[in-house]
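Ready for some practice with a protein model? Work through each exercise with the sequence and the 3D view at hand, and try each task before you read its solution.

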Amino acid sequence: MKQLIRRLSRVADSTQYSLLRSESQRRRSKKEKPKSWVPEGHVPVYVGQEMERFVVTAELLNHPVFVALLKRSAQEYGYEQQGVLRIPCHVLVFERIMESLRLGVAESRDLHDLF
């Protein structure tokens with residue numbers, strides 16, 4: 001997991017983008033980009049049984065709450081999973097966690113209680 005975090009943290013600075021962009025929120029521009037398009041400095045993750053796609057900033061991968069989500073993913077799916085990065089968490093809980101991280105209003109231990 002450390003190797004994955006190091007590799008993804010080398011991605012360019014992405015401060016001009018929000019921390020969380022759902023697939024539906026991304027399609028605001030007149031020109032539609034391909035579904036697989038990801039802005040520089042971001043990582044796509046698929047959340048919950050619904051496999052809803054979110055694009056999160058790579059900087060979040062080092063946050064303790066997100067590291068806990070990644071550990072949970074490794075326990076559920078293993079390190080050898082092929083394809084996309086899946087997070088075993090309900091979509092609404094994931095959205096709430098990401099919004100709290102974006103606003104910076106909640107402490108890590110409070111967010112751990114959500115999942």
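Two residues are in contact when heavy atoms of theirs lie within 4.5 Å. This is a predicted model, in which local features need pLDDT of at least 70 and side-chain atom pairs count only at pLDDT 80 or more, while totals for chains, interfaces and linings use all residues. Residues are numbered from 1 along each chain as its sequence is written, and side-chain values use heavy atoms, with hydrogens and water left out.

**Exercise 1: The overall picture**

Task: Find the order of helices and strands along the sequence, then describe the contacts and the surface of the protein.

Solution:
- Step 1. Start with the helices (DSSP runs of H or I, at least four residues) and strands (DSSP runs of E, at least two), numbered from the N terminus. The protein has five helices and four strands, and their order along the sequence is α-β-α-β-β-α-β-α-α.
- Step 2. Take the contacts with a separation of 6 or more: 58% of them join residues 24 or more positions apart.
- Step 3. Turn to burial, where buried means under 20% relative accessible area, exposed over 50%, and partly exposed in between (1.4 Å probe, protein chains only). Of the 115 residues, 37% are buried.
- Step 4. Finish with the accessible surface, computed by the Shrake-Rupley method with a 1.4 Å probe; for residues, only the protein chains shown count as cover. The total is about 7,600 Å², and carbon and sulfur atoms hold 47% of this surface.

**Exercise 2: A hairpin**

Task: Describe how strands S2 and S3 are joined, and how well S3 is covered.

Solution:
- Step 1. Recall that two strands pair if DSSP finds at least two bridges between them. S2 (residues 42–47) and S3 run antiparallel, with six bridges joining them.
- Step 2. Locate one opposite pair: threonine 57 in S3 faces histidine 42.
- Step 3. Look at the turn. Four residues sit between the strands of this hairpin, and glycine 48 has a positive phi near 70°.
- Step 4. Check the cover. In S3 (residues 52–57), five of the six residues are buried. Valine 55 is found in this strand, and its relative accessible area of 1% is why valine 55 counts as buried.
- Step 5. Compare sequence and space: valine 55 is 18 residues from tryptophan 37 in sequence, and their C-alpha atoms are 9.7 Å apart.

**Exercise 3: The nonpolar core**

Task: Which elements supply the largest nonpolar core, and which of them gives the most?

Solution:
- Step 1. Define the core: a set of buried Ala, Val, Leu, Ile, Met, Phe, Trp, Tyr and Cys residues joined through side-chain atoms within 4.5 Å. In soluble globular proteins, nonpolar side chains tend to be buried together.
- Step 2. Identify the members. The largest core here has 20 residues, and Val45, Val47, Val56, Phe66, Ile87, Phe94 and Met98 have the most contacts inside it.
- Step 3. Assign them to elements. S2, S3, helix H3 (64–77) and H4 each supply at least two residues of this core, and H4 gives the most, with five.
- Step 4. Zoom in on isoleucine 87. Beyond its neighbours within four places in sequence, isoleucine 87 contacts Val45, Tyr46, Val47, Gly48, Leu69, Leu70 and Phe94.

**Exercise 4: Aromatic rings**

Task: How many aromatic pairs does the structure hold, and which rings do they link into a cluster?

Solution:
- Step 1. Apply the rule: rings of Phe, Tyr and Trp (its six-membered ring) pair if their centres lie within 6.5 Å; planes under 30 degrees apart count as stacked, over 60 as edge-to-face and the rest as tilted. There are two aromatic pairs in the structure.
- Step 2. Classify one pair. Phenylalanine 54 and phenylalanine 94 are tilted, because their planes meet at 55°, with the ring centres 5.1 Å apart.
- Step 3. Place this pair. Phenylalanine 54 belongs to strand S3 and phenylalanine 94 to helix H4, so the pair ties together parts 40 residues apart in sequence.
- Step 4. Classify the other pair. Phenylalanine 66 and phenylalanine 94 are edge-to-face, at 6.4 Å centre to centre and 65° between the planes. Phenylalanine 66 lies in helix H3 and phenylalanine 94 in helix H4, so this pair ties together parts 28 residues apart in sequence.
- Step 5. Put the pairs together: Phe54, Phe66 and Phe94 form a cluster linked by ring pairs.

**Exercise 5: A charged pair**

Task: Which residues form the salt bridge, and are they buried or partly exposed?

Solution:
- Step 1. Use the cut-off: a side-chain nitrogen of Lys or Arg within 4 Å of a carboxyl oxygen of Asp or Glu. A search of the whole structure gives one salt bridge.
- Step 2. Name the partners: arginine 102 and glutamate 99, at 2.6 Å from N to O. Both are in helix H4 (residues 91–103), three residues apart, about one turn of the helix.
- Step 3. Judge the exposure. Arginine 102 is partly exposed because its relative accessibility is 43%, and glutamate 99 is partly exposed because its value is 32%.
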